[in-house]
Every structure is written in structure tokens, then in C-alpha cells.
Amino acid sequence: MSTHPLPRRTVLGTAAATAAGLALAGCGNSAGSGGPPRERKKGQKITLTFWSWVPGIDKPVDLWNRHHPEVQVKVEKVSAVNGQQYAKMHAAIKAGNPPDLGQIEFPVIPSFLLDNGLRDLAPLGAARHKNRFVGWQWQQSVFGNGIYAIPQASGPMGLFLRQDLFDAWDIAPPRTWDDYETAAKTIRRKGAWIETFAPTNGNRFAGYAWQAGAAWYTAHGDTWTLHIDDEPTRKVADYWESLVKQKLVKTIPDRQNAWYKDIQTGAVPAWLGASWGDTLLAGNAPATRGKWRAAPLPQWTPGADAQANWGGSTTAVFAAATYPEDALEFALWLNTDPASIALLIDGGYGFPSAKNGYTTTDLDVDKEFFGGQHYSTVFADAGAHVDTRWQWGPGVDTLYQRLGDAFTDALGDGSSFRSALKKVQSQTLADLKAKGLKVESGR
């Protein structure tokens with residue numbers, strides 16, 4: 001294994017970038033709690049630590065441990081509220097004591113590369129397994145010639161709705177965003193709100209922009225270009241600002257106590273969510289069992305099939321892992337073994353990144369909650385029509401925080417959502433320049 005780290009700008013530029021920059025500990029190793037990398041000797045027993053927030057992750061890990069007595073994996077749960085898991089991981093990297101493996105979402109992989117935090121798995125032969133995964137999801141962790149994580153699951157988006165209430169109010173599932181606004185007006189007249197515009201949920205807002213044709217990051221050579229304030233994103237911002245000003249949607253955070261109460265009571269009878277939202281709804285609104293359905297995202301153009309993704313996760317090996325080959329073996333098994341996938345599906349982890357080892361109907365774990373609907377076909381179709389040109393870049397975790405602050409301020413002082421985008425564009429540009437990256441503003 002080479003011990004020469006790739007230049008950080010090279011890794012974060014594009015696959016063809018060759019410019020030099022600050023060091024990234026790719027295949028080289030920082031001295032973490034486990035010391036320099038080692039190759040496990042035959043018969044030697046080791047324990048790997050794994051930080052994750054995925055529901056039910058303990059079950060596949062227990063299965064691994066039963067069949068791999070020499071390589072045991074210890075799960076440590078981390079909170080995924082407001083990015084707490086990543087703050088903890090970054091702090092552990094800086095302190096020199098990260099775990100061996102971590103659950104890291106697609107959008108924030110580049111931020112960990114800036115932290116010199118992830119091991120390059122390419123020298124360990126990871127590329128041999130590329131064809132076992134959905135192509136665009138595999139690419140989410142590929143920078144330059146390096147491979148920095150194993151994809152686990154994606155989050156194709158759709159519309160969850162209370163079919164009983166939509167029927168009672170004579171509302172058809174909206175096919176377009178114009179239909180969605182019309183539905184919102186009818187629902188408001190009934191005393192409810194179709195949704196909430198959650199100002200701090202930058203991840204979901206990114207999904208809206210993705211569907212509209214936005215491209216927040218593009219790379220040319222070793223230079224990143226930011227387009228957070230591009231025309232498709234402005235269109236999305238204008239749309240939701242209009243719904244807010246018409247008082248057709250709430251502005252409370254989603255997936256928190258007040259929102260769960262609204263979901264349980266029917267005060268909010270719809271949610272623009274991702275495939276992993278089935279278990280979330282079933283677990284938090286059990287009294288509404290049988291009343292929900294899933295439908296495709298509304299379209300900007302009638303008859304179109306533009307889709308989006310919210311989230312998506314990987315199993316990454318930290319640069320300080322003492323036994324990286326064993327960690328990689330576990331990451332591959334966790335995300336491709338049919339028995340492991342079955343347990344992950346049962347826990348509600350999202351839409352598998354693996355190409356094989358399951359069927360779409362296997363994902364209908366909450367079928368009865370959705371009135372017997374084979375609802376996963378909605379998300380399978382969405383996943384097949386996601387714009388695979390979307391590219392994540394560095395600093396997304398900070399970008400999300402800045403979006404949340406900017407939208408919250410706009411809601412408070414009445415300024416436009418467009419001004420929020422312009423502000424975040426400028427802030428993110430400055431953030432990345434401060435990290436030593438070549439970056440420019442898109443036009």
C-alpha cells in the first residue's frame with residue numbers, strides 16, 4: 001500500500017484534476033488510537049468500533065459477529081440530530097481517536113476529506129466491488145483515483161399522504177407543483193396544512209433543487225464552481241416562499257415533536273419525504289395505520305419524470321483505523337450480504353445501494369401501514385430517474401447550517417428567500433476559500 005497522500009485539492013476537484021494542494025491523508029495513516037495500520041495475523045482476534053445512527057444496525061452487526069469470531073464489531077450509536085454525529089466524528093479525528101468505521105452520508109464525504117479523516121480504499125482493492133453497487137451511488141465516494149467509502153443506501157424522494165383525508169376532501173394526489181398548491185389551498189380551507197416548510201432542513205431543500213435541475217457544485221480541473229443561487233434553485237425558493245406568504249404551509253421543523261403531533265392528528269396530512277420515511281411514519285403515527293399512501297413527487301413540467309434524492313449513506317473507514325483491510329471487509333459484507341440487507345431493510349435504513357440481494361417488494365416492510373400498497377415501487381421508479389449529474393462538493397454540512405440560518409432569518413424579518421440563497425452563496429464561497437480550495441461563483 002502506498003504511503004503517499006494525495007493532494008487535497010486533487011481529491012476534491014474532479015477525477016481528472018492534477019493540481020497540488022494541501023495534504024490529504026488518503027492511503028497514508030494518521031496516528032489514531034490504534035496506531036499505524038496493521039495486517040491481522042491468522043487466528044488473531046480484534047475488535048472494530050463502528051459509529052452509526054441507522055435504526056436496527058445492531059442486528060446485522062450481531063449476525064456478522066456470530067460468523068466472524070476473530071473480527072468483532074462494536075456498534076456505538078451516535079445522534080443524527082442537527083449534525084451531532086458529524087461534529088463528534090470531526091472532533092474525534094482532530095483528537096486522534098476516531099472509530100474504525102462510521103456512518104457518513106453522501107453529501108458530507110468531501111468534508112471528511114478536508115479533515116484528512118477517511119482512508120483511501122482503492123489500494124485495498126475496493127474497485128473490484130464497484131459493479132455490485134448502483135453506479136451513481138458508488139461515485140458519491142470517488143474523488144480523483146481514491147475511493148473513500150462503501151455506499152449503503154440512497155433516499156429517493158416521494159410524497160407521503162393521508163389517502164383517507166385526501167379522499168374525504170376530494171383531492172387527487174398532485175401530479176404537478178401547481179396541483180400541489182391547489183391541494184394546499186383546499187386543505188387549508190379544511191383547517192389543516194398540507195406540509196411544513198422546515199427552514200433548517202437544508203438536506204430536503206437540496207432535494208427540491210436537485211429535482212428542479214439545479215447543480216450546486218461543478219468541478220473544472222482543480223476548481224470548484226458554486227451555483228447555490230442558480231435559476232432552478234431560485235424557482236424552488238420562490239415557490240415555497242409563495243406558499244409561506246399565503247399561509248398554506250407551516251414553518252415548523254419536520255421530524256420533531258410538534259410535527260409528529262400534526263402527523264398523528266391529521267393537521268399535516270402530507271410529507272415530501274424519502275424512501276426511508278416509511279418506517280419513520282409507521283413508528284411515530286401508529287394510530288394512522290392503513291391510511292397513508294406514497295405517490296411520486298409533483299413535477300414542474302406536466303408529464304415529466306424528474307426525481308430527487310434526500311440523503312444517502314455510506315460505511316466509511318477512518319484514516320486512523322488500525323486494521324483497514326478487516327474494516328473494508330466488514331463494510332462490504334454489511335452492504336451486500338443478502339442476510340444483512342434483509343435486516344437493514346427491516347430496520348428501515350433506506351433504499352439499498354447494492355444491486356442484488358433483495359427485491360423491491362422486500363422493501364414493503366410497512367405495507368399494511370400503507371393500506372396494502374406496494375409503495376416501494378414509487379421509490380424504485382424515483383431512484384431510476386434521479387439526475388445522476390448532481391455532484392456534492394466540500395463544505396455541505398456548513399452549507400446546510402447556513403441555509404437554515406438564512407431561511408430562519410428570512411421567515412423572521414420578511415426578507416426574500418432569494419436573498420437567503422444569495423447570502424449562502426457568498427458565505428459558502430468564503431468558507432471554501434478559507435479552507436485553501438480553489439473556488440469561484442457561478443454565473
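**The largest cavity**

In this predicted model, begin with the lining of the largest cavity, which by class has eight nonpolar, five polar and one charged residues. The lining comprises 14 residues in total; select Ser275, Asp278, Gly350, Leu363 and Ser376 to find those that lie nearest the cavity centre. Helices α11 and α14 should be displayed as well, since each of them supplies at least two residues of this lining. The space enclosed there amounts to about 90 Å³.

**The second largest cavity**

The count of cavities of 30 Å³ or more comes to two. For the second largest, select Phe197, Ala198, Asn201, Arg204, Phe205 and Tyr208, which form its lining. Four of these lining residues are nonpolar, one is polar and one is charged. The volume of the second largest cavity is about 30 Å³.

**The largest pocket**

Next, centre the view on Ala80, Val81, Asn82, Glu105 and Arg255, which lie nearest the centre of the largest pocket; the pocket is lined by 44 residues. About 1,400 Å³ of space lies within this pocket. To see which elements contribute, colour α3 (84-95), β6 (150-154), α8 (202-212), α11 (277-284) and α15 (396-413), each of which supplies at least two lining residues. Of the contributors, α15 gives the most, with six residues. By class, the pocket lining consists of 18 nonpolar, 21 polar and five charged residues. Helix α11 thus appears at two stops of the tour, as it supplies at least two residues to the lining of the largest cavity and at least two to that of the largest pocket.

**The three-stranded sheet**

Now select strands β10, β7 and β11. They form an open sheet in the order β10-β7-β11, with antiparallel pairing. At the edges are β10 (270-274) and β11 (292-295), each of which pairs on one side only. From one strand to the next, the twist averages 30°.

Within the sheet, β7 (residues 157-162) and β11 run antiparallel and are joined by four bridges. One position to label is Leu161, whose bridge partner in β11 is Arg293. Adding helix α14 (residues 376-384) shows what packs on the sheet: this helix touches β7, β10 and β11, and its direction makes about 155° with that of β7.

**From Arg293 to Gln373**

Keep Arg293 displayed and add Gln373, which lies in the loop between β13 (351-352) and α14. Gln373 and Arg293 are 80 residues apart in sequence, yet their C-alpha atoms are 6.9 Å apart in space. Leaving aside residues up to four places away in sequence, Gln373 touches Arg293, Ala294, Asp364, Lys367 and Val378.

**Helices α9 and α16**

For the last stop, select α9 (residues 231-245) and α16 (residues 417-434). The axes of these two helices come within 8 Å and cross at roughly 140°. Angles over 145 degrees would count as roughly antiparallel; α9 and α16 are therefore oblique to each other. On the α9 side, the contact is made by Glu231, Thr233, Arg234, Ala237, Asp238, Trp240, Glu241 and Val244, and on the α16 side by Phe417, Arg418 and Leu421. Coloured by class, the contact of α9 with α16 shows five nonpolar, one polar and five charged residues.

Terms used: Residues are numbered from 1 along each chain as its sequence is written. This is a predicted model: local features need pLDDT of at least 70, side-chain atom pairs count only at pLDDT 80 or more; totals for chains, interfaces and linings use all residues. Side-chain values use heavy atoms; hydrogens and water are left out. On a 1 Å grid over the protein atoms alone, a cavity is a set of points where a 1.4 Å probe fits but cannot get out, and a pocket is an open set with protein on both sides within 12 Å along at least five of seven lines; lining residues have an atom within 4 Å of a point. Grid points are joined across faces, edges and corners, and a volume is the space filled by probe spheres set on the points. Ala, Val, Leu, Ile, Met, Phe, Trp, Tyr, Cys and Pro count as nonpolar, Asp, Glu, Lys and Arg as charged, and the others, Gly among them, as polar. Two strands pair if DSSP finds at least two bridges between them. Axes are lines fitted to C-alpha atoms, for helices over the stretch in contact, and angles run from 0 to 180 degrees between N-to-C directions. Contact means heavy atoms within 4.5 Å. Angles under 35 degrees count as roughly parallel, over 145 as roughly antiparallel, 65 to 115 as roughly perpendicular and the rest as oblique.
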